[in-house]
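Visitor: I am new to this structure and should like to learn how its features are read. May we go through them in turn?

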Amino acid sequence: MRVNHPTRAKAVLPEGAPLLEIADVRVSYGGIKALKGISMKVMAGEVVAIIGANGAGKTTTLKMLARLLPVDSGTVRFRGEDVRDVPTEEIVARGMSLVPEGRAIFPNLTVRENLELGAYLHRDKVTMAETMADVVELFPRLGERMVQEGGTLSGGEQQMLAIGRAMMARPELLLLDEPSLGIAPKLAAQIFKAIRTIAKSGVTVVVVEQNTRMALGSSERAYVLRTGEVALEGVSAVLAEDPEIQKAYLGG
Amino acid sequence: MVAVPDNQAAGASRARLLRLGAMALGLLLFIYVARSVGPQKLGETLVTGLTQGAMIALVALGYTMVYGVLKLINFAHSEVFMMGAYVGVFVLGAIGIANPLLSFVCTIVVAIIGSSLLGITVERIAYRPLRGRGRGALVRVTPLVTALGVSVLLQNAAQLFFSARYRSYPQLITGSMDIPGVGPVGKSRVIILVVAVLVMIGLELIVKKTWFGKAMRALSSNEEAARLMGVRTSWVISSTFALGSSLAAVGAVLFCIDQSSVYPTMGTAIGTRAFVAAVLGGIGSIPGAMLGGLLLGVLGELVKLSSYSGSIDAPVFVVLIAVLLVRPAGLLGSNRAEKV
């Protein structure tokens, strides 16, 4: 996987500065306080998981980062820049791509068109062809289905398409919302394998996941959210051994 | 979980059966009509019907594209069509028809510019401030009522400024030509049909091949995802209004060549039929609007062959209702449920 788009300036971060830093962020959702002051740091190259029960604020956190939900208070810094008030349309240009919950592919566009739209801001033909070759290498199934409409793919294939589409923008930070939701276990394992490949190529990954075992197994660090607050944070391997986590999220 | 594909398969085969049935029925009807009127008359009817249909389709495309990106029925579209016709008549009045081809091209170009500006302005002033405002049903209903209001406003503005009288349109293209197998057909008809088809081919290329077209289809498919790709919603919406209004302007100039009169309420007549065509073909579907328009045009002319002498709109609506009963999403509309 080739990463870092040639036309986008690479992040010049001071030594030890996080790629993404959110501090005391509060978000409300139709009168309900969904995030009650969460803080997180993600270093460049890391794979970070966000886990927690339904309604804990995992999806809200990602939507907030992609600027799909307004921030009530707090700071959001990406590559050292304040992105709190940047519109969604510009977030991808800054190097952050979200794979939304439920995949949100374009069902009546072909697989190829879906992928091309991922490169909407980087239309350079050569770069696009290179990236597309990388995506097809990552998900060979997509290569076989290029001319099919996205809506005709299976759930797992749609998830591959959604991730591939996000990768077409060659993001520095990939945000994944529930990539295994509603997908056959075998395909989910394949998708997580692809996520690890993406991470190895140098892309920073933040993944929200219901499947706690899978999330902790493929991430380096994790945040545990509980009713809109960070309840626990730490190294994934350590959290996986935590009796409290095992009881609450790993089924004993 | 296992039942889902079975259901889908059953639904698909039932739909195929229905489609075959409808086609067979249509073919039988067509053969019946063809036998009763003879090939000569039938050819003439078909050419006239396709001409009418092509103009309806041009206007229908505007409804369907705006619906695609905004999920709004832009009732003001018929008035953009009417204004396009007025721009055309004024341009022709100013430059004369010494050189018919040049006049024709100039008229179309100026009408396109005028209508696009009007379409963009209507969106900026009337619809954009309402976008994303309100709660629940109001998100959709408020712009809809606004669209009706803009339609009434524009129609009355035309009456106020241009007066309610019928203005005659100069005869740009006269004479007829022989088409093998059909016989003599008015030259204007042929030109209308050719121009309309060329415009639709051009549209298909824009929609399929350009980044604007891809952005537009992405936006109608899933707005949030389109924004995540970096698509600027406002820009795409404005461009869609411009494109839809341009097609209406072409339709308007062609309509005037065919009917040779311009009046403030002319938008309502063709607008209603174009809207029906868009719904018939599946609102939001571009090929659907083309198909719907052509079908309505031919249908209207076929009805004229019969002894029925009432309003042409009655059989048109009967067909619409019949189609919607069988295919609620229209002929080519997508009724695929979203996978969650």
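Guide: Let us begin with a term: a residue is called buried when its relative accessible area is under 20%, and exposed when that area is over 50%, with partly exposed in between. Please bear in mind that this is a predicted model.

Visitor: Is A:Arg79 buried or exposed?

Guide: A:Arg79 has a relative accessibility of 15%, so it counts as buried. This arginine sits in the loop between β4 (73–78) and β5 (81–82) of chain A.

Visitor: What is there to note about the phi of A:Arg79?

Guide: The general idea is that most residues other than glycine have a negative phi. A:Arg79 is not a glycine, yet its phi is positive, near 55°. A:Arg170 is likewise a non-glycine residue with a positive phi, of about 50°. A:Arg170 belongs to the loop between α6 and β7 (173–177) of chain A, and it is buried because its relative accessible area is 4%.

Visitor: Which residues does A:Thr131 contact, apart from its neighbours within four places in sequence?

Guide: A:Thr131 is in contact with A:Met167, A:Met168 and A:Arg170, when those neighbours are left aside. A:Arg170 is the loop residue with the positive phi of about 50°. A:Thr131 itself is part of helix α4 (residues 125–138) of chain A, and its relative accessibility of 1% means that it counts as buried. In addition, the side chain of A:Thr131 reaches the backbone oxygen of A:Thr127 at 2.6 Å.

Visitor: How many residues of helix α3 (residues 111–118) of chain A are buried?

Guide: Seven of the eight residues in that helix are buried, and the helix is mostly covered. Among them are A:Val111, A:Leu115 and A:Leu117, as well as A:Glu113 and A:Glu116.

Visitor: Against which elements do the buried residues of α3(A) pack?

Guide: Within chain A, they pack against α4, α5 (140–144) and α6 (155–167). On the side of chain B, their partners are α6 (187–209) and α7 (211–221).

Visitor: Where is A:Ala162 placed?

Guide: A:Ala162 lies in helix α6 of chain A. With 2% relative accessibility, this alanine counts as buried. Residues up to four places away in sequence are not counted in its contacts, which are with A:Val99, A:Arg103 and A:Ile105. The C-alpha atoms of A:Ala162 and A:Leu232 are separated by 30 Å, and the two residues are 70 places apart along the chain.

Visitor: How is the packing of two helices described?

Guide: Two packed helices are described by the angle between their axes and the distance between the axes. In chain B, the axes of helix α3 (residues 77–95) and helix α10 (residues 266–281) come within 8 Å and cross at roughly 130°. That angle is why α3(B) is called oblique to α10(B). The crossing is right-handed.

Visitor: Which residues make the contact between α3(B) and α10(B)?

Guide: From α3(B) come B:Ser78, B:Glu79, B:Phe81, B:Met82 and B:Ala85. From α10(B) come B:Met266, B:Gly267, B:Thr268, B:Ile270 and B:Gly271. By class, this contact has five nonpolar, four polar and one charged residues.

Visitor: What does the side chain of B:Ser78 make a polar contact with?

Guide: It makes a polar contact with the side chain of B:Glu79, at 2.9 Å. B:Ser78 is buried, its relative accessible area being 6%. Not counting residues up to four places away in sequence, B:Ser78 touches B:Tyr63, B:Ser151, B:Gly267, B:Thr268 and B:Gly271.

Visitor: At what angle do helix α4 (residues 100–127) and helix α5 (residues 138–162) of chain B pack?

Guide: They pack at an angle of about 130°, with their axes 11 Å apart. For that reason α4(B) is oblique to α5(B), and their crossing is right-handed. In this contact B:Leu118, B:Val122, B:Ala126 and B:Tyr127 of α4(B) meet B:Pro143, B:Thr146, B:Ala147, B:Val150 and B:Leu154 of α5(B). The residues divide into eight nonpolar, one polar and no charged.

Visitor: How far apart are B:Ile112 and B:Ser246 in sequence and in space?

Guide: They are 134 residues apart in sequence and 4.6 Å apart in space, C-alpha to C-alpha. B:Ile112 lies in helix α4 of chain B and is partly exposed, with a relative accessible area of 25%. Leaving aside neighbours within four places in sequence, B:Ile112 is in contact with B:Ser246, B:Ala249 and B:Val250.

Definitions and conventions
Residues numbered from 1 in each chain as written. Chains lettered and ligands numbered in written order. Predicted model: local features only at pLDDT ≥ 70, side-chain atom pairs only at ≥ 80, totals over all residues. Heavy atoms only, no water. Axes fitted to C-alpha atoms, helices over the stretch in contact; angles between N-to-C directions. Helix = DSSP H or I, 4+ residues; strand = E, 2+ residues; numbered from the N terminus. Parallel < 35°, antiparallel > 145°, perpendicular 65-115°, else oblique. Left-handed = near helix turned anticlockwise from the far one by under 90°. Contact = heavy atoms within 4.5 Å. Nonpolar A, V, L, I, M, F, W, Y, C, P; charged D, E, K, R; others polar. Buried < 20%, exposed > 50% of the residue type's maximum accessible area, 1.4 Å probe, protein only. Polar contact = N/O pair within 3.5 Å; in protein donor to acceptor, adjacent residues only side chain to side chain.
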